[in-house]
Amino acid sequence: HSGFVAIIGRPNVGKSTFMNRILGEKVAIMSPKAQTTRNKINGIYTAPDVQIVFVDTPGIHKPQNALDDYMDQAALSTLNQVDAILFMIAADEQPGKGDQWIIDQLEHVTKPVYLLVNKIDAVHPDDLLPLIEKYNGMYDFAQVFPISATEGNNVDELLTQLTAEL
Ligand code: GDP
Ligand code: MG
């Protein structure tokens, strides 16, 4: 099994944290400040039965200026070149215009898009299902994974599923 997987989502939902966890080394820059990671960074996850190239795409968010717009075009073109897409949200935030903008960009994407609900450690479990239902109403996600990038919850299950798909 092998393939390319893109990680998309609003700034600060935890994309870099997630990538650093599964790659086991600091390949993407983490920061509490939004948009520290300006460039597309690839990292390769290798296990006995799988090799997955992860693409962190910080440019995929609602453009705020001309530079953003340029980066978005570059980032968007990667969406048609990968085998699967991980759309990450934060469990402690409600859907907003930023999410809707990203989902609009998925209109012509044919590859499976997984909804990663990150930061489940930061919310009450009862609040998860209503949030997931809202996002499921916005896009036909292939599967939903509630995870915690910092604690590691459900990350192995996600990698197992991705391995099966690739
Ligand atoms: P990115 O902009 O999407 O790449 O987000 P980052 O990976 O830089 O993370 C943004 C902030 O969210 C950082 O302060 C992280 O420590 C925090 N964060 C990331 N994942 C989790 C998580 O699973 N749980 C909690 N509580 N915080 C997280
Ligand atoms: Mg980042």
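Select proline 95 to begin: in this predicted model, the residue is partly exposed, because 15 other C-beta atoms lie within 10 Å of its own, a count that falls between the 12 or fewer of an exposed residue and the 20 or more of a buried one. Proline 95 sits in the loop that links strand 4 to helix 3 (97–105). If you display what surrounds it, leaving aside neighbours within four places in sequence, you will find proline 95 in contact with Lys134, Tyr135 and Met138. A distance drawn from the C-alpha of proline 95 to that of valine 117 spans 12 Å, although the two residues are 22 apart in sequence.

From valine 117, extend the selection to the whole of strand 5 (113–118). Is this strand enclosed by the rest of the structure, or open? Strand 5 is largely enclosed, since 6 of its 6 residues are buried. Looking along the strand, you can see Val113, Leu115 and Val117 pointing one way while Tyr114, Leu116 and Asn118 point the other way, and all of them are buried. The path that leads here runs from strand 4 through helix 3 to strand 5, as a right-handed β-α-β crossover.

Next, show the strands on either side of strand 5. With strand 4 it pairs in the parallel sense over 6 bridges, and in that pairing leucine 86 has tyrosine 114 as its bridge partner in strand 5. With strand 6 it is joined by 4 bridges, again in parallel, and here valine 117 stands opposite proline 146. Adding helix 4 to the display completes a right-handed β-α-β unit made of strand 5, helix 4 and strand 6.

Now move to strand 1 (2–8), which is joined in parallel to strand 4 by 4 bridges, with isoleucine 7 standing opposite leucine 86. Strand 1 is also joined to strand 3 by 6 bridges, and those two strands run parallel as well; in this pairing serine 2 stands opposite glutamine 51. While strand 3 is selected, pick out aspartate 56, which lies in it and counts as buried because 25 other C-beta atoms lie within 10 Å. The C-alpha of aspartate 56 is 21 Å from that of alanine 164, which is 108 residues away along the chain.

With these strands on screen, colour the largest nonpolar core, a set of 33 residues in which Ala6, Ile7, Leu86, Phe87 and Leu116 touch the most other members. Two or more residues come from each of strand 1, helix 1 (15–23), strand 3 (50–56), helix 2 (66–79), strand 4 (84–90) and strand 5, and strand 4 provides the largest share, 6 residues. In soluble globular proteins, nonpolar side chains tend to be buried together. Centre the view on leucine 116 for a closer look: beyond residues up to four places away in sequence, it touches Leu86, Phe87, Met88, Phe145 and Ile147.

Helix 1 is the next stop, where Lys15, Ser16, Phe18 and Met19 are buried. Looking down the axis of helix 1, you will see that its buried residues fall within an arc of 160°, so they line one face of the helix.

Two asparagines in loops deserve a look at their backbone. Asparagine 12, in the loop between strand 1 and helix 1, has a phi near 75°, a positive value in a residue other than glycine, and is partly exposed, with 17 other C-beta atoms within 10 Å. Asparagine 154, in the loop between strand 6 (143–146) and helix 5 (155–165), also has a positive phi, of about 70°, although it is not a glycine; asparagine 154 is partly exposed, with 16 other C-beta atoms within 10 Å.

Finally, show the entire protein, which has 5 helices and 6 strands in the order β-α-β-β-α-β-α-β-α-β-α along the sequence. Buried residues make up 30% of its 166 residues. Colouring by pLDDT then helps in judging the model: the mean is 85, and 86% of residues reach 70 or more. Among the elements, helix 4 (residues 128–136) has the highest mean pLDDT, 98, and helix 2 the lowest, 74. Residues 34–39 call for caution, as pLDDT stays under 50 over this stretch, for which the model has 12 contacts beyond four places in sequence.

How values were computed
Residues numbered from 1 in each chain as written. Chains lettered and ligands numbered in written order. Predicted model: local features only at pLDDT ≥ 70, side-chain atom pairs only at ≥ 80, totals over all residues. Core = buried A, V, L, I, M, F, W, Y, C linked by C-beta atoms within 7 Å. Contact = placed C-beta atoms within 7 Å. Pairing = 2+ DSSP bridges. pLDDT = per-residue confidence, 0-100. Arc of directions from axis to C-beta. Right-handed = clockwise from strand over helix to strand, strands pointing away.
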